[in-house]
Every structure is written in C-alpha cells, then in structure tokens.
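The exercises below are meant to be worked through with the sequence and the structure in view. Each one sets a task and then follows it with a solution in steps.

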Amino acid sequence: DASGRFEIRFNVSDGILDYAQDWPRIEQIEAEVAFVASRMTVDAEAGKVLAADIRHVAVEIADMQAVSALLSLQGRAEGSAGDLINFINQSPLQKRFGSFSQDTKAMGDSQLDLGLNIPLVSGVDIETLGRVKFEDVAIDFTRLGVDLNSLFGEVEFSDKGLSGQGISAVVMGQPANVDIYTQKLSDDASNIVFVAEGESRLAELEKRFDLFVFPHLDGEALWQAKLKIPRGMNGAASPSSSLVLDSTLQGINVQLPAPLQKTAPEVRLLNVSARFDDQSSHWVFDYDAETMTGVLELQGSQGLQSGELRFAGVAERPQKPGLRITGELERFVYTEWQSLFSVAQHQNQSQTELKKNVIVNRVDLRIGNAELFSQTLHNVQLHAELAAGVWTADLKSDEVAGQIWLPDNMNHVLKMDLDYLYISRGESKTNAAEMVGESVDPKDLPPLIVTSKKTRFGGLNLGYMSLKTRRLPLGMRIDSLEARSDIVDISIKGQWLKTHQHHSRVSADLKVYDLGAMLAGLGYVETVRDAAGSVKLSLNWDGPLLDYDLASLTGTVGFSFEDGRLLDVEPGAGRFFGLLSITALPRRLLLDFSDFFGKGFAFDDLRGHFDIRDGDAYTQKFFMDGPAARIDLQGRVGLASKDYDQRVKVVPHVTSGLPTLAALLTGQIGPAVVLALIEKLTKTEVDKATGIYYQVTGSWDEPLIESVDVVRSSK
C-alpha cells in the first residue's frame, strides 16, 4: 500500500525451523508463516524436536528492521521423559540444569514449555524461560547414584535458575516431597538446590545398598536432604555437587551392639554428607554425636575404594586403599558382633567374589573390656592389617599380648605367638543351656597353633604352653595341649562340639610337683600343703570347653600323691577336696586324736579313684596313710548338689599315741577318756584290726558326721 506495508502468508509442510545456534532444530514442521510489514510470525501446529512431539510453536520477530531485532519463540514439546532429558543434554539447557543430567535415564510422560528470546545480533545472550511438567516419571541419575520414581510436579527454569515446589517423588525408594530453588552466591556463581523431606523405607534401601546394618534395623523415621549443584561462570555447572542428609532416627529400632544400639522412641542424630565429582563420590557421616563417624571414598561402579570408620571420634580421610576401623570402645562382646563379622552370606560365592567383598583391611582399636570365648580382656590395644589373605595383628591387654596371624579363610590355620596368656576360670553353671547363648560356636573356630611363653589359668602358673587344634564338622578337636612349669606338667587332648547344645570332652595327664600350690592356683582354699604325684582324668560335660557344667559332668579321676599334709580347714571350703572332710573328723571322735593330727594331717601316701556320673563322684578306692593314722573313704559326693553320702574309716597307729600319753600326764584329758584310751592302747592289734567308722552326710558347708560302732576287721 501507499505506506509501504505488505502482507505475505504461506504454509510450510514438513519443513525445518532452525531458530538458534546450539539448540536442536524443529523438524517435520507443519506451520503458517506470515510477513506483515517488518513483522514475521510462525504458527506451527506439529513437528518434532529430536524424538519429542511439538504440539504448538509460536515464533515472532516484531521488527525485522530494528537494530536490536529479537526473535521470540514459545513452544511446547510432549513425549517421554527420556526424550526430554535428551533435549536438555543437546541444548544450552544442559549448562543451566547442571552436569547431573549427564548419564541420566528417564521413563514416563513429560511436557516442556519453552520460551526463548533470541537476539539477532552477536554478543547478546539468549534469554530462556520455561517449565517442565512430570507425570509419573522415573529418573535415574546414574552418576550420582540416585533414582527418582513416581515423580509428579512442575519445575520452572530461566537464566536465573530453577524453581519448583511440592513435587512428589519416591527418592531411592523413600517417599518424599521435593522443593527446588536457585541459591545465588555471586554475580557469576550460584547453586541449584534440591530440598527433600520424607519417611524412610528400610527394605527399599536394603535392596539398593548391600550393607551389613540393614538386617539389624526396623521401623520408620523422618529425614531431610539437601542436594546442591554449583553453577560457575556463564552458567557452567561445577563438576562437584554435594548432598547433606539429616535424621533423628526416631521410630527406628537399631539392633546393633553397644554403643550403636537404640530403641525406636530414642533420638539419635544421623548426619550424612557427600560430594560428587566426575567419576567418584566422597561420603562423610556422624552417628549420635561422634559415637561413630565415617569417611568413605567410592569410585563409580567399582564401589568403595577406601574409607575409615571411627568409634568415639572424628574419622579421617584414608591414606591407603581399603576400609580402616579405628577408635575407642568401652566394651566389646564378641557374640554380639559375631553376626556382623560372619562371611556365611558369601559361602556360595567364588573365592574371587568373596575377596571382593572383604573391604576392611586395617583395624586400630582401644577397648576397655573385651569379652570373647568366655574370657574378658582389659585395656586392649589391637593393631591389625590384612595382606595376601592373612590378618597380621599385634595384640596387647592385661591378659594377653603377642602376635596373631589370622587367615580370611577359616579352614586355614590361625597362629598365635604370645608373650603371655592369662586365662580366667569360668564360673561353673548348673544349667548348661544358660551358656549356649554366651559362648562362641566351635564350628566357627579355625584350626589353631598357639604358643605362649608365660601362661596362667586362674591363679595357676602353667609356664610355657603350646596348643594345636583342628576343625571338625561339628566343632573342634584338641590334638595336643602341653604346659610345663615348676608346679605341674600337663598333657591334654579333647574336643568341643555343638549340635543342639555344647558338649566337651577332655582327657589329661598331670605330673604334679606341688599339689598344694596347684590347688591354690586353681582357686581352692588352701587344703593341701606340698605333695608330689600324678593325676589322670577323663571327663565330659554338656557345655563349652572353658565352662564345665557340674550337673552333666561324667568321667573318671585317678590320682596318687606322696609326702604332703592336709590342712585344718572348715568343711566345704576346699570344694572338691572338701569332700574328704578328714580334718573335721578328729573333733568328733569319741577319743580326742587332735594330737595325732596336729595342724592338719601329714600323709606319706594318698591315692584315689573317682567315677563321676551326672555330677556325682563315687569312690570305692580312696585311702590316705600317714604317721598318725590310715583313713579309707567310700561313697558319693554331689558335685552339683554339694552334698555328701560317705563312709569313712580311721585306723590310728599305736606308735603315734605317745603325744596323747604326754597329755595324760599333764591332765589335759579327763579320767574317763584316759581309761578308754589305755584300754585301746593295750590292744596290740589296734593298728591292723580296729577301725573307727563314721558316716558323713549333709551339705558341704554343714556336714553331719556321725560315729558308727567300732568293728574288727576280718583280716
């Protein structure tokens, strides 16, 4: 027209709209193009961007003659979430979203509304404004190791960043609500921040992380997480993103040993933080105000490369590959931790797979009290390292010190070279079932080769000791246990099995140089002084090897000793040897033989044999002969019930009556007793023919000793 205006309209079929550099072009476009004077418009009803469908695109250049002409594009693309991720990664949006979109996989329906203001002059940035809508989308951020499912919501983006509120999702199996915003740091730097809150589903986490702790957790707890993706200059994403997760763990029951255990109502703060680089991630956690902390370094699909777990302190970044466990524990009970150490879950794996799962390769621990194998160790210092399939450990405590070589395969020999080993005597129990849950399963023990330069069992000095064992299908066998000291030489064989309960069997030969010192070392009240001889025993019981059960004790004990003295002690005080009750007898005799016995009873010969059945000891062959008298004993003693049923025969020797005659002369014995004594001493056959009999019944602590009529031997 006269003003110079013109209008041109035409249709485009299966065309191409290449609207800006670096942006994917629109193909297969069906559009109407109009030129009105200096204004251009494009209205597209269909098309494709990569594999995404275009439902509407409006393009406009308001003034093509302007110096700062601007192309404005408003468009909507619909398709799968995977197509959307592909579009982002092949456009400048990849920089705006950050590198977390790299290696990302997505499924489900999504919609992208995109607005672009594209300057038609160089040197001016493109202005971007858009919105992404998710409808039941699943996204797997492979590089971050994070997956989202059931994603519903909208996210807006612009040159200034991202924003979205109330987005619902299932984050790594945990239902959550997610908010997204951009945190401005400076003119050329900012963080894209994802804030999530949700409730834990431990079963889902266990599917994703093969960690030993999950079988010991149950319940649900609230958690909060924040993921930051830094953006540097010109919107370029930093390669290092970070994650922080917090929870009170209230509602979760932690069935782990002390100090990690907690009940569901208790509050124990857990803080987890992580940093994600191009090919690796670095994790730090703090459980219950440094009760346990950790630093873990993961490398892509190779998993954990190095790390440190520390009790009672702050974990340090590891300097070597593998996982180090360190720190301090007040108390350690092996049976409580045993299930965590077990490699049973790998028993069907090949040896290569098994070694791959053995991550821990260093241990540096201080432990106040450590309970294992029915023993308690105090002030423990343990330093151990795994190399070539063998743990080499330096162990020091009040009870044991030396070097230990422990193979990672329990079929191989565990070797100990100890400077000293002090074994405490386990308290006997009347019910063997009580011990089953307290003791280690012997099937879990490897073969042993142990030497100890200084060895003690209870208070008994055993000197140099050596031990060799082997594995059995149901437990272990002691091939040899040898000990040599100036008190006793010991040779022991035995076995320890477990089916539905523990069962132990021991046979031993002892050469005793000082019976009194040996009994005192075993914890008995001093009942014997001096005496040398030998002991041979064969015993079995229902219970662990170091905790004999008197109620089920069965076997034989035989002994022979010379030149000793039984001391004057209260009945019952000597435990097993208290069954003799010999020193209590003279105080109950019709005649006072205290001068014969003096302070105890000296003997030249002491021999005996006991058959033990179900906690009762029976003897028909026990005698003790000394200068004052010969004493024979028959009957039963209840080791479990702690009672007596015995017959004792005392035959005084006439030549030992001279001290009593001296007492007569000094008037220390009454006239009636004097007459009776003279009558007995005039019988020349008293040594051989006359016995004074006593019946011993009742408890160990209060035995009842009753005299029986004097009888004459048939011999």
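**Exercise 1. A residue in a loop**

Determine whether M172 counts as buried or exposed, and describe its backbone and its place in the chain.

Solution. The model is a predicted one, and the first step is to take the relative accessibility of M172, which is 14%. Buried means under 20% relative accessible area, so at 14% M172 counts as buried. The next step is to locate M172, which is found in the loop between β9 (161-171) and β10 (174-186). The last step concerns the backbone: M172 has a positive phi of about 50°, although M172 is not a glycine.

**Exercise 2. A second positive phi, and a charged patch**

Find the place and the phi of D530, and then name the residues with which D530 forms a negative surface patch.

Solution. Begin with the backbone of D530, where phi is near 65°, a positive value in a residue other than glycine. D530 lies in strand β31, which covers residues 528-541. With a relative accessibility of 45%, D530 counts as partly exposed, because the partly exposed class lies between under 20% and over 50%.

Turning to the patch, D530 is joined there by E562, D563 and D604, and the patch is negative. One of these residues, D563, has its place in strand β32 (residues 554-566). The relative accessible area of D563 is 53%, and so D563 is exposed.

**Exercise 3. Salt bridges one by one**

State how many salt bridges are counted, and work through the pairs R9 with E32, E27 with R25, and R324 with D364.

Solution. The count comes to 26 salt bridges, where a side-chain nitrogen of Lys or Arg must lie within 4 Å of a carboxyl oxygen of Asp or Glu.

In the pair of R9 and E32, the closest N and O atoms are 3.7 Å apart. This pair links distant parts of the chain, with R9 in strand β1 (residues 7-17) and E32 in strand β2 (residues 26-36), 23 residues apart. R9 counts as partly exposed at 49% relative accessibility, and E32 is partly exposed as well, with a relative accessible area of 33%.

In the pair of E27 and R25, the side chains meet in a salt bridge with an N to O distance of 3.0 Å. E27 is partly exposed with a relative accessible area of 32%, while R25 is partly exposed with 37%.

In the pair of R324 and D364, the side chains meet at 3.1 Å from N to O. Distant parts of the chain are linked by this pair, since R324 is in strand β20 (residues 322-333) and D364 is in strand β21 (residues 360-372), 40 residues apart.

As a final step, look beyond single pairs: R76, D113, R131 and E154 are linked in a network of salt bridges.

**Exercise 4. A nonpolar patch**

Which residues make the nonpolar surface patch of about 280 Å², and where is I8 placed?

Solution. The patch is made by F6, I8 and F10. Among them, I8 has its place in strand β1. The relative accessible area of I8 is 42%, and I8 is therefore partly exposed.

**Exercise 5. A short strand and a cis peptide bond**

Describe the surroundings of N253, and then identify the peptide bond from A258 to P259.

Solution. N253 has its place in strand β15, which covers residues 252-254, and N253 counts as buried at 18% relative accessibility. When neighbours within four places in sequence are left aside, N253 is in contact with H216, L217, D218, K262, T263 and A264. The peptide bond from A258 to P259 is cis, with omega near 10°, and P259 is found in the loop between β15 and β16 (270-276).

**Exercise 6. The protein as a whole**

Summarise the secondary structure, burial, contacts and accessible surface of the protein.

Solution. The secondary structure comes to 11 helices and 38 strands. Of the 715 residues in the protein, 45% are buried. Among contacts between residues at least 6 apart in sequence, 49% join residues at least 24 apart. The accessible surface comes to about 36700 Å², and 52% of this surface belongs to carbon and sulfur atoms.

Methods:
Residues numbered from 1 in each chain as written. Predicted model: local features only at pLDDT ≥ 70, side-chain atom pairs only at ≥ 80, totals over all residues. Heavy atoms only, no water. Patch = residues over 30% accessible without salt bridge, like charges linked within 9 Å, V, L, I, M, F, W, Y side chains within 5 Å. Areas by Shrake-Rupley, 256 points an atom, 1.4 Å probe, with all protein chains shown as cover. Lys, Arg positive; Asp, Glu negative; His and termini not counted. Charge placed at Lys NZ, Arg CZ, Asp CG, Glu CD. Helix = DSSP H or I, 4+ residues; strand = E, 2+ residues; numbered from the N terminus. Buried < 20%, exposed > 50% of the residue type's maximum accessible area, 1.4 Å probe, protein only. Contact = heavy atoms within 4.5 Å.
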